[in-house]
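Grab your viewer and something to scribble on. Work through each task before you read its solution.

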Amino acid sequence: MRAPLRAAALAAAALALAACGGGRPHPPERHTVELRNFGFSPASLAVRPGDEVVFVNRDAVPHTATADDRAWDTGSIAAGDSAVVKVTGGGTYKCTFHPTMTGTLAASGTK
């Protein structure tokens, strides 16, 4: 390959990598979900693997946040307390004490 063509190909590859974020991992984010009025707020949350979700119980009774596939479980969260879950993937979850309380972690991308 001739030098000018090689330089143009390298520049095009660099631009493509920059457009894709350079291939660098995205730093983990910390999200908060409140357990309030017997519901999760927000009920649906966009996350990436490696992110953390803090579940904060604002109700007067204990709750859990438990993955439907049992991949993770906060255990009982007392009124006023919180629990942290590290995201490994998406899916739905619920409070095992109050199964009508449901939420979704919509996972995308990789870290």
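What follows is a set of exercises with solutions, taken step by step.

Before you start: this is a predicted model, where local features need pLDDT of at least 70, side-chain atom pairs count only at pLDDT 80 or more, and totals for chains, interfaces and linings use all residues. Residues are numbered from 1 along each chain as its sequence is written, and side-chain values use heavy atoms, with hydrogens and water left out.

**Exercise 1. Work out the strand order of the open four-stranded sheet, and find which strands stand at its edges.**

Step 1: get the vocabulary straight. Strands (E, at least two residues) are DSSP runs numbered from the N terminus, and two of them pair if DSSP finds at least two bridges between them.

Step 2: go through the pairs. E3 (44-47) and E8 (102-107) run parallel, joined by four bridges; Ala 46 sits opposite Ala 106 of E8 there. E7 and E8 are antiparallel, again over four bridges, with Gly 91 bridged to Leu 105 in E8. E7 (residues 91-94) also pairs with E5, antiparallel over two bridges, and Ala 67 has Tyr 93 as its partner in E7.

Step 3: chain the pairs together. The order comes out as E3-E8-E7-E5, with mixed pairing. E3 and E5 (66-67) each have a single partner strand, so one side of each has no neighbour in the sheet.

**Exercise 2. Describe how E4 and E6 pair, and sort the residues of E6 by covered and uncovered face.**

Step 1: E4 (52-57) and E6 (82-86) run antiparallel and share five bridges. One handy landmark is Val 53, whose bridge partner in E6 is Val 85.

Step 2: split E6 by face. Ala 83 and Val 85 make up the covered face, while Ser 82, Val 84 and Lys 86 are on the uncovered one.

**Exercise 3. Find the largest nonpolar core and say which strands feed it.**

Step 1: apply the criterion. A nonpolar core is a set of buried Ala, Val, Leu, Ile, Met, Phe, Trp, Tyr and Cys residues joined through side-chain atoms within 4.5 Å. Buried means under 20% relative accessible area (exposed is over 50%, partly exposed in between; 1.4 Å probe, protein chains only).

Step 2: list the hubs. The largest core has 18 residues, and those with the most contacts inside it are Val 33, Phe 40, Val 53, Phe 55, Trp 72, Tyr 93 and Leu 105. E1 (30-36), E3, E4 and E6 each supply at least two residues of this core.

Step 3: zoom in on one hub. Contact means heavy atoms within 4.5 Å. Beyond its neighbours within four places in sequence, Leu 105 contacts Leu 45, Val 47, Val 53, Trp 72, Val 87, Gly 90, Gly 91 and Tyr 93.

As background, nonpolar side chains in soluble globular proteins tend to be buried together.

**Exercise 4. Trace the aromatic pairs that involve Phe 55 and Phe 40 or Tyr 93.**

Step 1: set the cut-offs. Rings of Phe, Tyr and Trp (its six-membered ring) pair if their centres lie within 6.5 Å; planes under 30 degrees apart are stacked, over 60 edge-to-face, and the rest tilted. The whole structure yields five such pairs.

Step 2: take Phe 40 and Phe 55. They are edge-to-face, 6.3 Å centre to centre with 75° between the planes. Phe 40 is in E2 (residues 39-41) and Phe 55 in E4, 15 residues apart.

Step 3: move on to Phe 55 and Tyr 93, also edge-to-face, at 5.5 Å and 75°. Tyr 93 belongs to E7 and Phe 55 to E4, so this pair ties together parts 38 residues apart in sequence.

Step 4: check burial. Relative accessible area is 0% for Phe 55 and 1% for Tyr 93. Phe 40, Phe 55, Trp 72 and Tyr 93 make one aromatic cluster.

**Exercise 5. Characterise the surroundings of Asn 57.**

Step 1: Asn 57 lies in E4 and is buried, at 1% relative accessible area.

Step 2: look at its side chain. A polar atom there lies 2.9 Å from the backbone oxygen of Ile 77, and a side-chain polar atom lies 3.5 Å from the backbone oxygen of Ala 78.

Step 3: among the wider contacts of Asn 57, outside four places in sequence, are Leu 35, Pro 62, His 63 and Asp 81.

How values were computed
A polar contact is a pair of N or O atoms within 3.5 Å; within protein, one must be able to donate a hydrogen and the other to accept it, and residues adjacent in sequence count only if both atoms are side-chain atoms.
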